[in-house]
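Please work through the exercises below with the sequence and the coordinates open beside you. Each task is followed by a solution that goes step by step.

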Amino acid sequence: MFDPLIDGLVMILHWKGMTMLALGVLVGLVFGAIPGLGGSTAIALFIPLTFDMKPEEAMALAGGIMGAVSFGGSITAVLLNTPGTAPSAATCFDGYPMAQQGRAGAAIGAAGAASSVGGIIGVLLLVAVIPIAKGVILAFGPPEFFMLAILGLAAIAASTGGMFLRGLIAGALGLVLAFVGYDSVSGGERFMFGIDYFWDGIPLVPTLIGLFAVGEMINLSISGGTVARTRELDMKVSGAWEGVVATFREWAVVVRGSALGAFIGAIPGVGGTVAGFLAYTTAMHSSKDPESFGKGNIVGVIAPEASNNAKDGGALLPTLAFGIPGSAEMAVFLGLLILHGLEPGPLLLIEHEATIMSLIVSLTISCIIATVIGLLFTRWLSLVTMVDVHVLVPVVVAVAFMGSFALHNKVGDVILTAAFGIVGYLMIRFRYPRVTLVIALVLGELAERSFHQAMNMTGGGWSIFFTRGISLGIFVLIVVALMIPALRFVLDRRRRAAAAGGRS
Amino acid sequence: MAAGKQIFISALVLLGALGFLALGYELPGKGRDVPVLVGWIAVGLCVLDVVAQTPTAAGRWIAALLSGSASGEPEDEPRGLSLELKSFFWVLVACAGVIVFGFLWAVPVYVFAYMTLHGRKPVVQSGLTALGATAFLWIAFELLLEYEIYRGLLFSDL
């Protein structure tokens with residue numbers, strides 16, 4: 001079990017690997033600190049830079065970004081009450097009151113230490129589960145992979161809050177885009193409209209850069225002002241060590257939060273935000289002093305931070321083992337894997353185990369480095385959010401276009417990036433979740449190929465999807481995922497009725 | 001946002017789904033099985049979405065049921081259409097500039113023009129940012145990655 005891990009460590013402990021890791025951590029901290037950017041934009045923008053790199057160096061960069069983003073988001077959550085990333089939202093509840101009480105350093109110290117330990121626990125759980133996952137994957141055939149792709153889409157659409165229906169529509173749009181290009185099943189071209197550029201399909205990376213980086217920039221450009229929407233940053237940031245000590249004193253909270261984060265991270269679509277809030281409420285309910293939560297209780301910072309970073313380890317499992325990304329960040333990361341010839345799916349963990357372990361090692365090391373760098377440059381990272389959007393927007397758009405072009409030297413990629421930038425903005429504007437579109441685009445080929453293979457196995461009958469144990473089990477999960485909004489509606493109506501009854 | 005605008009958007013997406021379905025039926029053989037299946041599902045979802053946007057009892061019920069909240073979908077903040085079109089215009093200007101003049105000419109001009117004309121930033125700050133962004137691209141791609149930056153249709157032979 002440990003040999004591949006050691007191989008991965010050796011790959012990273014090279015000066016190039018460590019440089020990429022450090023760069024990734026810096027990028028992750030900055031992009032995490034700026035609300036609206038986050039890990040998916042960071043990885044999307046930096047994918048082209050990895051084109052000439054070895055896969056393990058690219059993994060180091062991605063691992064650095066992924067490990068550092070959530071801590072970057074937590075710093076602004078504590079100092080400015082503005083979570084840089086959605087999963088850091090729960091940190092605001094007690095982090096910001098602590099900052100107002102003059103204990104910002106302790107809150108950030110606790111956030112950093114909890115992030116590090118949580119990240120390491122998440123990765124250790126991933127390493128422990130990988131051998132089991134390898135056995136499970138081998139039991140999967142085409143019907144199971146088809147069902148799994150549909151489950152990935154349904155679960156993610158169900159997790160998009162009030163956007164379930166439009167999440168499914170965006171998923172359908174993603175599948176439509178996945179059909180564009182040469183079709184290996186029929187041997188003909190589909191939806192190309194005579195444009196040769198689309199022969200290999202809609203290229204994933206320019207699409208991702210457009211949807212996430214350019215789309216977000218158009219959104220910021222229309223919002224205007226500064227990113228953080230506040231000018232308040234006159235508090236002292238000292239006493240971080242107190243927070244670090246408190247984290248180790250509250251080890252049970254850290255372990256519980258990390259386990260929750262890793263478990264929830266592994267469920268496609270549920271994501272870090274839910275993990276953070278769940279860890280927070282669990283810590284509050286198990287506390288002897290629940291009233292102090294929301295008023296600056298350091299445990300209220302430790303619990304969501306531990307779960308925040310642990311979720312990455314969990315989220316990597318479906319992404320690497322089954323090629324089913326559970327979040328936008330993982331979908332973009334999947335694009336990076338594909339660029340480097342690492343086809344996600346059953347054989348990835350078997351054929352490229354050392355490279356995957358180098359990613360896992362990077363993620364672990366980056367959790368620690370991010371904390372150290374974050375604590376050293378806390379104030380500077382907070383100032384990043386004060387940058388005027390009209391400075392940020394043109395620079396990011398220029399870098400996005402450059403990166404997009406650099407991948408394949410195709411002008412078409414720049415046009416596609418601009419087009420998907422506008423589509424991305426319109427999706428934000430009209431509440432069509434971009435993540436379901438991207439995940440459908442990624443999963444489209446796997447879903448269609450598996451569908452045809454499964455149909456060939458039975459000579460065209462649908463029964464194969466419902467007569468095999470695992471496939472049927474996944475189908476039940478799909479039905480459950482599709483029922484979630486309706487269940488949520490019923491519960492919400494009951495809660496409102498009870499509240500109205502209580503008032504009268 | 002006005003219900004009319006939402007219905008218009010939903011109807012537009014429905015039209016797109018119907019167009020895709022019609023195109024799907026023109027595909028030969030097995031290549032059309034999955035696209036047609038997805039097309040029908042998309043049409044069904046889009047019809048539900050159109051109904052959900054209407055101010056009828058059925059619309060409100062579908063919206064609430066599928067948003068998971070008894071109070072229905074949240075209203076979003078209004079945004080000026082002209083500002084949106086201007087923002088699209090700047091992205092398209094950057095794209096066209098890059099294609100015609102290449103990155104080394106288009107990036108500084110785009111960044112400078114965007115900051116001064118759209119962002120109303122001081123000329124000096126805009127100029128320095130434009131030069132900084134171009135220098136970053138040149139250093140990162142041409143110097144460090146030894147990648148020849150695209151020179152544009154006009155200057156590609158130089």
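Domain bounds, as used in the opening exercise, come from an automatic or database domain assignment. The structure is a predicted model.

**Exercise 1. Domains of chain B**

Task: State into which domains chain B is divided, and find how far apart the C-alpha centres of domain 1 and domain 2 of chain B lie.

Solution. Step one is to read the bounds, which give domain 1 of chain B as residues 3–67 and domain 2 as residues 81–155. Step two is to take the C-alpha centre of each of these domains, and the two centres turn out to lie 39 Å apart.

**Exercise 2. A nonpolar patch on the surface**

Task: Work out which helices each supply at least two residues of the nonpolar patch, and decide whether Met483(A) is buried, partly exposed or exposed.

Solution. Begin with the members of the patch, among them Trp462(A), Phe466(A), Met483(A), Leu37(B) and Ile41(B), which together have about 980 Å² of accessible area. Next, assign the members to helices: α22 (469–503) of chain A and α2 (33–53) of chain B each supply at least two residues, and the largest share, eight residues, comes from α22(A). Finally, turn to Met483(A), whose place is in helix α22 of chain A. The relative accessible area of Met483(A) is 42%, so this residue is partly exposed, a class that lies between the cut-offs of 20% and 50%.

**Exercise 3. The largest cavity and the second largest pocket**

Task: Determine which elements give two or more residues to the lining of the largest cavity, and which element gives the most to the lining of the second largest pocket.

Solution. The search counts three cavities of 30 Å³ or more, and the largest of them has a volume of about 50 Å³. Its lining draws on both chains, with Met217(A), Ile218(A), Val393(A), Trp90(B) and Tyr110(B) among the residues involved. Grouped by element, two or more lining residues come from each of α9 (204–223) and α18 (389–408) of chain A, and from each of α4 (81–101) and α5 (103–118) of chain B.

For the second largest pocket, the volume is about 1,100 Å³. Of the 46 residues that line this pocket, Ile338(A), Glu343(A), Leu441(A), Val442(A) and Glu445(A) lie nearest its centre. Elements of chain A that give two or more residues to the lining include α7 (142–158), α8 (164–178), α14 (328–339) and α20 (434–458). The most comes from α20(A), with nine residues.

**Exercise 4. Positive phi outside glycine**

Task: Locate Asn409(A) and Arg120(B) in their chains, and classify the accessibility of Asn409(A) and of Arg120(B).

Solution. Take Asn409(A) to begin with, a residue that is not a glycine and yet has a positive phi of about 55°. Asn409(A) sits in the loop between α18 and α19 (411–429) of chain A, and its relative accessibility of 49% makes it partly exposed. Then take Arg120(B), again not a glycine, with a positive phi of about 55°. Arg120(B) is found in the loop between α5 and α6 (123–144) of chain B, and because its relative accessibility is 68%, Arg120(B) counts as exposed.

**Exercise 5. Salt bridges**

Task: State how many salt bridges are found over all chains, and explain what the pair of Asp388(A) and Lys121(B) joins.

Solution. As background, side chains of opposite charge can pair when their charged atoms come close. Over all chains, the search finds nine salt bridges. In one of them the side chains of Arg166(A) and Asp49(B) meet at 3.0 Å, N to O, and this pair crosses between chains, from helix α8 of chain A to helix α2 of chain B. Arg166(A) and Asp49(B) are both buried.

A further pair is Arg434(A) with Glu216(A), again at 3.0 Å, N to O. Since Arg434(A) lies in helix α20 of chain A and Glu216(A) in helix α9 of chain A, the pair ties together parts that are 218 residues apart in sequence. Arg434(A) and Glu216(A) are both buried.

The last step concerns Asp388(A) and Lys121(B), whose side chains meet in a salt bridge of 2.7 Å, N to O. Asp388(A) lies in the loop between α17 (378–384) and α18 of chain A and Lys121(B) in the loop between α5 and α6 of chain B, so the pair joins two chains. With a relative accessibility of 19%, Lys121(B) counts as buried, for which the cut-off is under 20%.

Key:
Residues are numbered from 1 along each chain as its sequence is written. Chains are lettered from A and ligands numbered from 1 in the order in which they are written. This is a predicted model: local features need pLDDT of at least 70, side-chain atom pairs count only at pLDDT 80 or more; totals for chains, interfaces and linings use all residues. Side-chain values use heavy atoms; hydrogens and water are left out. Patches are made of residues with over 30% relative accessible area and no salt bridge: like charges are joined within 9 Å, nonpolar side chains (Val, Leu, Ile, Met, Phe, Trp, Tyr) within 5 Å. Accessible areas come from the Shrake-Rupley method with a 1.4 Å probe; for residues, only the protein chains shown count as cover. A salt bridge is a side-chain nitrogen of Lys or Arg within 4 Å of a carboxyl oxygen of Asp or Glu. Helices (H or I, at least four residues) and strands (E, at least two) are DSSP runs, numbered from the N terminus. Buried means under 20% relative accessible area, exposed over 50%, partly exposed in between (1.4 Å probe, protein chains only). On a 1 Å grid over the protein atoms alone, a cavity is a set of points where a 1.4 Å probe fits but cannot get out, and a pocket is an open set with protein on both sides within 12 Å along at least five of seven lines; lining residues have an atom within 4 Å of a point. Grid points are joined across faces, edges and corners, and a volume is the space filled by probe spheres set on the points.
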